[in-house]
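This report describes a structure through its chain contacts, nonpolar cores and strand pairing. The sequence and the coordinates are shown first.

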Amino acid sequence: MTTMSSFFSWVAQRGWRHLVAIVMCVFAIFPLLYVVSASFASSGTLTASNQLFASFTFDNYVDLLSDPDRPYLTWWFNTLIIAASAATIALLFGSLAAYAFSRLRFRGRRIGLGALVLTQLFPQFLGVVAIFLLVRTLGDAVPALGLNTHTGLIAVYLGGALGINTYLMYGYFNTVPREIDEAAKIDGASHVRTFFTIILPLVAPILVIVWMITYIAVAGDYVIASAILSDPNMQTATVGLFTLINTFRSDNWGAFSAGAILSALPVVLMFLYGQKYIIGGLSAGSVK
Amino acid sequence: MRLSTTKPASVGSALRPKASIFGLTVKIILIGLVDAFGLFMVSQFFLVDQIGLAAVAILGLVVINVIYWRRGGLAAKYLTPGLVFLLVFQVFVIIYTVIISFTNSGTGHNVSKDSAIESIINNSIVRVEDSPTYDVRVLEQGGNLFLLATSPDGDFFLGGQDEPLKPVVPSKTASGIATEVTGYNTLKLAQIFAVQEELAELTVPLDDNPADGYLRSADGSTAFVFSANLVYDASNDTFVDPSTGNTFVDNGAGNFVDSNGEELQPGWNTAIGFANYAKALGASAQVELLGVFVWTLTYAVSSVALTFGLGLFLAITINGLRGTRLYRSLLILPYAFPVFLSGLIWSGLLNETFGFVNQVLLGGASVPWLQDPILAKISVILVSVWFGFPYFFLVCLGALQSVPPELAEAARVDGAKPSQVFSKITLPLVLVATSPLLVAGFAFSFNDFNTIFVLTGGGPINIDSSISAGATDILITLVYKQAFVNTTVDYGLASAFAVIIFLVITIMSIFLFRRTRSLEEVY
């Protein structure tokens, strides 16, 4: 009897909470399990994908990678190159700016900080028409910065990433005690040296988060990438996969699922590896 | 890689000269590269006649060099690299959007007025039906091309660009066709290939009256009579059709139109004042745009409210359970999957005929999740909740765990019930901590292009719509469709929509930030 009543009280106090958690986990993960199953299904149609894990073949992957009409591998590497370069350069520029806002006192500092917050309210892709026309004009003069170039697209992303990145890093830079800078200065280190060899290692967690956030944002972007890259060999996986699925939604489902899995792989690995940074960063952002 | 901060001062100062030489070298190389690329850009801008851009680039280079070579001004040295890109691709883009919104830029309006007039003139010259065929040779003198023509009657003429045909006595003929004239150089076939573009534009008037027509030769051996069905009158800036007398005048909106409203193509790019705004907010579109705006607001509010509500509920439910870390790791996964791709996955799951939800979960039903206007609206909101709740769950969990236990403890000591502790202490603190993120989340949902575009493309389509707005179109998808998807794109109208969104977001943000600030003051 006592075990029964303690069981009921466990259900009343904790059990239902576990039940809610499990249901929500299923809701959250189901679409992802579904796409994993669809990517390994033996037939690449939507109907066939409905039987979860009924078969296990690599046909869809072979199909995806062997069709010369859709250069998926090129898309995949394009995404990697564009997102990694944009994230790295944006991180460098953003951290330089955050350092200035955090450590230096100059005229216009407060207004500058306010402006950074403001720019976050205006997503860059709202100006996609202007971006398209601007890049087209630039490309007439300097082809390397024009339409259908990775450099042009990366330059656009750098402009969009700076505001939010600087703002995120600024808060974290402030948590590093200024005494550390002072000590380095007394030791004779130049400000550049202080920044690269002392401050940056101390703020590594936020650097990881910002790099990942930028990578994910760039790799997942459709609006700007689709406006600037029209040549299939230059496109990113997001743009390419959308064209693939948009024309024949149900027939290409298997190939699309395989492509989605391969595209998501770097990001998911990054998340699993950097989870503690992300959660730390998110809660820090919310509590500060 | 943490450098010791207790490094002896003597070592630091001993390193200094060496480090600064290294630093100076790096600096010279980097700025040298920037200058080299900058000057290259400037020269290229001059080459394509973009004098304005060249001037901006020169100014930018001067400013950059001043910033990095003068002493002091340290902050500018750190801010400039990012600022350059921010100014060009964010700030200028906003300004440029406003400028475009006052133009007619788009299909049929992409060139300057001069090139438009030139194209209209070129397009207006058509071959006169049943006109005689002339045998011609292409002659050259002093770099100009001439046509030596033999008429069907066997008469010989010579003429060039803007030089009407005149009778001529050839110095050489071959089987009745004039081939050479003294003082002119007759081009051979290979030479004709080399001047093909020039030849294509060579129009030789038949006589002094342009209305009589022109001689044109595409291949350099035969020519036909062409006549212009439109003549440009530069003094009045009008096009006149010589056969009917019909006059086309500049309508001030980038087109020549006649009294019947017929437009000549192409038009040109020009400022048209508030015409795009009038179109976007005008009587016919007003109701529709208002509808889109209301739906955008509904979507943003319900999406954020449901997402936050579910996230908060889940955080409260799971917080403190054994296995919280495992649940957290699982719940973070949707957040890790690229939104655009998971949106596409959902579009497959919700497919009316073959999708998993209808086929498996509902046992073969055919619920038009994304095809019915009302259901489609519900579906996109629900999917957006799937996208967003893990984020708010993580944030709320973080906020919950950071509430100081002393506060709850003190309340308990004062005799508060657990429910009171929660509603009066914990919840308000979590809300205060997360309210700025709610505003940001709202701003994000307001422009949640990916979810809408991927799931429904803004559809189901409403064929009666004058601004081609579908049932689930929010403002930003409308902008994108106006500019890139529709068959005739209208950059001007799309930009006007974008500017309207800018204004709406600004007003709402000011309002919302005031509200959240007052919330912070209350607690």
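The text below goes from the annotated spans of chain A to the interface, the cores and the sheets of chain B.

The model is a predicted one.

**Annotated spans in chain A**

An unreviewed UniProt entry places the feature "transmembrane region" at residues 20-41, 75-101, 113-134, 154-173, 194-218 and 253-273 of chain A. Two of these spans can be described by their secondary structure. Residues 75-101 of chain A are 100% helix and 0% strand, with end C-alpha atoms 38 Å apart. Residues 253-273 of chain A are likewise 100% helix and 0% strand, and 29 Å separate the C-alpha atoms at the two ends of that span.

**Contact between the chains**

On the chain A side, 87 residues are in contact with 90 residues of chain B. Helix α13 of chain A, residues 253-287, supplies the largest share of the chain A side, 14 residues. By residue type, the chain A side divides into 60 nonpolar, 22 polar and five charged residues.

**Domains and cores**

The domain assignment of chain B gives domain 1 (20-101), domain 2 (125-257) and domain 3 (280-522). Taken over C-alpha atoms, the centres of domain 1 and domain 2 of chain B are 50 Å apart.

The largest nonpolar core has 179 residues. Within this core, A:A86, A:I131, A:L158, B:C396 and B:F497 touch the most other members. Helix α13 of chain B, residues 373-401, gives the most to the core, with 16 residues. Where does this core lie relative to domain 1 and domain 3 of chain B? Both domains give residues to it, so the core lies between them.

A second, separate core has 20 residues, including B:V136, B:L145, B:L158 and B:Y214.

Returning to A:I131 of the largest core, its contacts can be listed once neighbours within four places in sequence are left aside. They are A:V156, A:I224 and A:A227 in chain A, and B:F89 and B:V93 in chain B.

**Strand pairing in chain B**

Strand β2 of chain B, residues 133-141, pairs with several strands, and the table sets out three of its pairings together with that of β13 and β14.

| Strand pair (chain B) | Sense | Bridges |
|---|---|---|
| β2 (133-141) and β11 (222-228) | antiparallel | three bridges |
| β2 and β3 (144-150) | antiparallel | seven bridges |
| β2 and β8 (185-186) | antiparallel | two bridges |
| β13 (238-240) and β14 (247-250) | antiparallel | three bridges |

Individual residues fix the register of these pairs. B:Y134 has B:A223 in β11(B) as its bridge partner. B:E140 stands opposite B:N185 in β8(B), and B:Q141 stands opposite B:N144 in β3(B). The hairpin of β2(B) and β3(B) has two residues between the strands, and B:G142 takes a positive phi near 55° there.

An open sheet of four strands in chain B has the order β12-β13-β14-β15, with antiparallel pairing. Why does one side of β12 and of β15 lack a neighbour in the sheet? β12 (231-233) and β15 (256-257) of chain B stand at the edges and each has a single partner strand, so one side of each is left without a neighbour in the sheet. Between β13 and β14 of chain B, the bridge partner of B:V240 is B:T247 in β14(B).

Conventions:
Residues numbered from 1 in each chain as written. Chains lettered and ligands numbered in written order. Predicted model: local features only at pLDDT ≥ 70, side-chain atom pairs only at ≥ 80, totals over all residues. UniProt positions renumbered as here; feature names shortened; annotations may be inferred. Contact = placed C-beta atoms within 7 Å. Nonpolar A, V, L, I, M, F, W, Y, C, P; charged D, E, K, R; others polar. Pairing = 2+ DSSP bridges. Domains from an automatic or database assignment. Core = buried A, V, L, I, M, F, W, Y, C linked by C-beta atoms within 7 Å. Buried ≥ 20, exposed ≤ 12 C-beta atoms within 10 Å, placed from the backbone.
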